[in-house]
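I opened this entry to keep a record of what I looked up, going from the contact between the chains to the strands and then to the DNA.

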Protein chains: 2
Amino acid sequence: MDADVDFCPMCEAMQLLQEKWMLHIIRALLEGPRGFNELSRSSGGCNPATLAQRLDQLEGLGLVSKTVLSVMPPRTIYDLTPAGRDLRAVIDAIHQWGQGHRANLPRTVQLHGK
Amino acid sequence: MDADVDFCPMCEAMQLLQEKWMLHIIRALLEGPRGFNELSRSSGGCNPATLAQRLDQLEGLGLVSKTVLSVMPPRTIYDLTPAGRDLRAVIDAIHQWGQGHRANLPRTVQLHGK
DNA sequence: AACCGTCACTATATTTTTTATAGTGCTATG
DNA sequence: CATAGCACTATAAAAAATATAGTGACGGTT
């Protein structure tokens, strides 16, 4: 019955992407699959609690896959699914905007891991 | 001397866009100039304190212009500058992704004003 | 002319979110 | 055999966002 007349995919997408570290995590994963701590570093320093909750969320939405390789010692690999990889367009748009507007941006000094 | 070897425009851009309400505010302004309360509504319900601080920030970065039309009663107009309007590419990318992945998104029910 | 709503905010207190820190049990490396 | 790394979780503290109320003047209703 009450269909999603008031359901706006873009709003939901913005809601998701505006969460702290979300964009950074996705950008890091676009460079390749990563382990938990590795991802924390290459995202620019996301703390473990937040990272864990973001990854749960992304996994729940089917944007990230989690693979446990060995149980002891724990070894986990996070990777983007095709749906997640499609976010590259968004990251690229941000990248391009950033390049074209360096002048406008502040220097908060926040560099992503090598 | 110490040049911005460690200054990454994309990181700064992501830092900015991930702030709560930022994307929503920009999307609303892309539809046309708005007054303060009007913007609060069409952004989807941003609270005045946060909205004021985001607008200050955007104005400071030269992405939004603030024009005071009359002092009493106060009448203010916020609009995107050319640099701000360039963010349309980002919003569009999110829009497209959202459309293509409705299935993945949650239904948080959060609709922007008419 | 008294009343209500609107404008653009600010101040305050409360709630939510993010954060740093420490710690888990195990193994590979030095 | 001490150290560092793995993937996290728990906890408490700090930071950010929020609801709410209020400012003072105007425009529109009654």
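Before sorting any residues by class, I noted that Ala, Val, Leu, Ile, Met, Phe, Trp, Tyr, Cys and Pro count as nonpolar, that Asp, Glu, Lys and Arg count as charged, and that the others, Gly among them, count as polar. I also wrote down that this is a predicted model.

**Entry 1: chain A against chain B**

I looked up the contact between the two protein chains and found that 45 residues of chain A are in contact with 46 residues of chain B. On the side of chain A that touches chain B, I listed α1 (9-17), α2 (22-30) and α6 as elements that each supply at least two residues. Which element of chain A gives the most to that side? I found that α6(A) does, with 10 residues. Sorted by class, the residues of this side of chain A came to 23 nonpolar, 15 polar and seven charged.

**Entry 2: α6 against α6**

I then turned to the helices themselves, keeping in mind that two packed helices are described by the angle between their axes and the distance between the axes. For α6(A) and α6(B), I found that the axes come within 8 Å and cross at roughly 180°. An angle over 145 degrees counts as roughly antiparallel, and α6(A) and α6(B) are therefore roughly antiparallel to each other. From chain A, I listed A:A89, A:V90, A:A93, A:I94, A:Q96 and A:W97, which meet B:A89, B:V90, B:A93, B:I94, B:Q96 and B:W97 of chain B. In this contact of α6(A) with α6(B), I noted 10 nonpolar residues and two polar ones, with no charged residues.

**Entry 3: α6 against α1**

Next I looked up helix α6 (residues 88-100) of chain A with helix α1 (residues 9-17) of chain B, and read an angle of about 115° with the axes 8 Å apart. Because of that angle, α6(A) and α1(B) are roughly perpendicular to each other, and the crossing in which α6(A) passes α1(B) is right-handed. I recorded A:I94, A:H95, A:W97, A:G98 and A:Q99 on the α6(A) side of the contact, with B:P9, B:M10, B:E12, B:A13, B:M14 and B:L17 on the α1(B) side. By class, I noted seven nonpolar residues, three polar and one charged in this contact.

I checked the other pair, α1(A) with helix α6 (residues 88-100) of chain B, and found that their axes come within 8 Å and cross at roughly 115°. That angle makes α1(A) roughly perpendicular to α6(B), and I noted a right-handed crossing here as well. In α1(A), the residues A:P9, A:M10, A:E12, A:A13, A:M14 and A:L17 meet B:I94, B:H95, B:W97, B:G98 and B:Q99 of α6(B). The classes in this contact are seven nonpolar, three polar and one charged.

**Entry 4: the strands**

How do the strands β1 and β2 of chain A run, parallel or antiparallel? I found that strand β1 (residues 64-70) of chain A runs antiparallel to β2(A), joined by six bridges, and that a hairpin links the two through four residues. Following the pairing, I saw A:S65 opposite A:D79 in β2(A), while A:S70 has A:R75 as its bridge partner.

In chain B, I found that six bridges join strand β1 (residues 64-70) to β2(B), and that these strands run antiparallel. A hairpin of four residues connects β1(B) with β2(B), and I noted B:T67 opposite B:I77.

**Entry 5: the DNA strands**

Around DNA strand C, I counted 22 residues, of which B:G35, B:F36, B:P48, B:P74 and B:T76 come nearest. The elements giving two or more residues to this surface are α4 (48-60) of chain A together with α3 (36-42), α4 (48-60) and β2 (75-80) of chain B. The surface near DNA strand C has 13 nonpolar, five polar and four charged residues.

For DNA strand D, I again found 22 residues around the strand, and the closest are A:G35, A:F36, A:P48, A:P74 and A:T76. Here α3 (36-42), α4 and β2 (75-80) of chain A, together with α4 of chain B, each supply at least two residues. I closed the entry with the classes near DNA strand D, which divide into 13 nonpolar, five polar and four charged.

Definitions and conventions: Residues are numbered from 1 along each chain as its sequence is written. Chains are lettered from A and ligands numbered from 1 in the order in which they are written. This is a predicted model: local features need pLDDT of at least 70, side-chain atom pairs count only at pLDDT 80 or more; totals for chains, interfaces and linings use all residues. A residue is near a molecule or strand if its C-beta atom, placed from the backbone, lies within 6 Å of it. Axes are lines fitted to C-alpha atoms, for helices over the stretch in contact, and angles run from 0 to 180 degrees between N-to-C directions. Angles under 35 degrees count as roughly parallel, over 145 as roughly antiparallel, 65 to 115 as roughly perpendicular and the rest as oblique. A crossing is left-handed if the near helix is turned anticlockwise from the far one by less than a right angle, and right-handed if clockwise. Two residues are in contact if their C-beta atoms, placed from the backbone, lie within 7 Å. Two strands pair if DSSP finds at least two bridges between them.
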